[in-house]
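User: I am new to reading protein models. Please take a close look at one helix packing and the aromatic rings around it, and explain each term as you go.

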Amino acid sequence: MFICIQYALPANPRITYSPFPKPKPIKYGLSTTTTITCCTTTPNTTTTTTLPSPPPQPTFTVPKKRKRYRKQYPGESTGITEEMRFVAMKLRNPNSPPPPPPNADAAAADTWQPSKEGFLKYLVDSRLVFRTLDRIVDESSHVAYAYFRRTGLERTDALDRDLGWFAEQGIGVPEPSTPGIDYSNYLEELAETNAPSFMCHFYNIYFAHVTGGRVIGKQVCERLLEGKELEFYRWEGDMQEMMRDVREKLNMIGEHWSRDEKNRCLREAAKSFKFSGQIVRLIILL
């Protein structure tokens with residue numbers, strides 16, 4: 001009986017198997033087989049041996065960078081008018097003394113003495129400022145200003161009627177003074193260059209008149225005009241509802257402003273208080 005055996009063994013660089021062909025080197029991850037063939041009368045038998053794969057390499061996960069969020073400004077979640085309210089609360093300055101309460105003593109009342117001449121100057125300068133606001137909003141091509149036309153809060157016509165009444169009483173109506181002229185010129189310049197900053201003045205002027213302005217006007221009229229109520233302090237319709245509508249529109253427009261534009265708007269609050277305070281001080285005679 002004749003047996004023929006054929007071997008296929010892995011290559012060794014120091015051993016040469018001649019005349020057998022040089023086997024391919026072992027590579028990890030691939031199956032390498034060793035085949036033994038026997039030439040016998042029995043059926044061929046093939047034995048396959050698979051070498052183990054190398055252990056898996058460890059994997060490293062790069063941690064994600066933590067996202068940092070900007071701290072919100074006071075009132076920012078509600079809207080730009082709420083941010084303006086917080087700024088106004090910080091800027092409230094008692095440089096212009098408020099009217100004394102009804103039960104104030106004589107010494108306290110002497111610190112706040114309105115004069116008819118000063119009150120007329122206040123009304124004339126106020127008319128110039130409100131007329132400037134109306135003209136800018138009505139004539140400007142800026143899209144934002146169009147939302148604030150005919151809000152019902154306009155005061156120009158009412159002041160025209162009030163000053164006409166003073167003229168009928170034989171009281172001379174003066175020309176606008178420096179505080180009103182300076183503020184009017186500043187508003188016209190600002191409206192052309194920076195809409196968010198102009199809207200800060202627009203809102204603060206109306207808000208101040210609707211709130212504190214009415215209180216001052218009522219007490220001045222009681223002292224100087226025998227309780228006559230001027231048109232300047234009366235509105236046709238619900239004044240609070242009209243102010244609420246202006247507030248909602250301004251908040252809507254403020255949503256499209258960048259943070260830098262909002263900051264510019266808030267910074268103008270100090271100038272608005274300054275200009276308005278100079279006009280209000282025309283009433284008092286210290």
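Analyst: What follows describes one pair of helices, then some ring pairs.

This is a predicted model, in which local features need pLDDT of at least 70, side-chain atom pairs count only at pLDDT 80 or more, and totals for chains, interfaces and linings use all residues. Residues are numbered from 1 along each chain as its sequence is written, and side-chain values use heavy atoms, with hydrogens and water left out.

Helices (H or I, at least four residues) are DSSP runs, numbered from the N terminus. Helix H3 covers residues 116-139 and helix H5 covers residues 156-168. Their axes come within 9 Å and cross at roughly 150 degrees; axes are lines fitted to C-alpha atoms over the stretch in contact, and angles run from 0 to 180 degrees between N-to-C directions. That crossing angle makes H3 roughly antiparallel to H5, a term for angles over 145 degrees. The crossing is left-handed, meaning that the near helix is turned anticlockwise from the far one by less than a right angle.

Contact means heavy atoms within 4.5 Å. On the H3 side the contact residues include Phe119, Leu123, Phe130 and Asp134, and on the H5 side they include Thr156, Leu163 and Phe166. The residues of this contact divide into eight nonpolar, two polar and four charged. Here Ala, Val, Leu, Ile, Met, Phe, Trp, Tyr, Cys and Pro count as nonpolar, Asp, Glu, Lys and Arg as charged, and the others, Gly among them, as polar.

Now the rings. Rings of Phe, Tyr and Trp (its six-membered ring) pair if their centres lie within 6.5 Å; planes under 30 degrees apart count as stacked, and over 60 as edge-to-face. By this rule the count comes to 13 aromatic pairs. One of them joins Phe119 and Tyr122, stacked at 6.1 Å centre to centre with 20 degrees between the planes. These two are three residues apart in helix H3, so about one helical turn separates them. Phe119 is buried (under 20% relative accessible area), with a value of 1%, and Tyr122 is also buried, at 8%.

Trp165 and Phe166 form an edge-to-face pair, 5.1 Å centre to centre and 80 degrees between the planes. Trp165 counts as partly exposed at 24% relative accessibility, a class that lies between the buried limit of 20% and the exposed limit of 50%, whereas Phe166 is buried at 0%.

Ring pairs also link residues into a cluster, among them Phe119, Tyr122, Phe130, Tyr145 and Phe148.

Notes
Angles under 35 degrees count as roughly parallel, over 145 as roughly antiparallel, 65 to 115 as roughly perpendicular and the rest as oblique. Buried means under 20% relative accessible area, exposed over 50%, partly exposed in between (1.4 Å probe, protein chains only).
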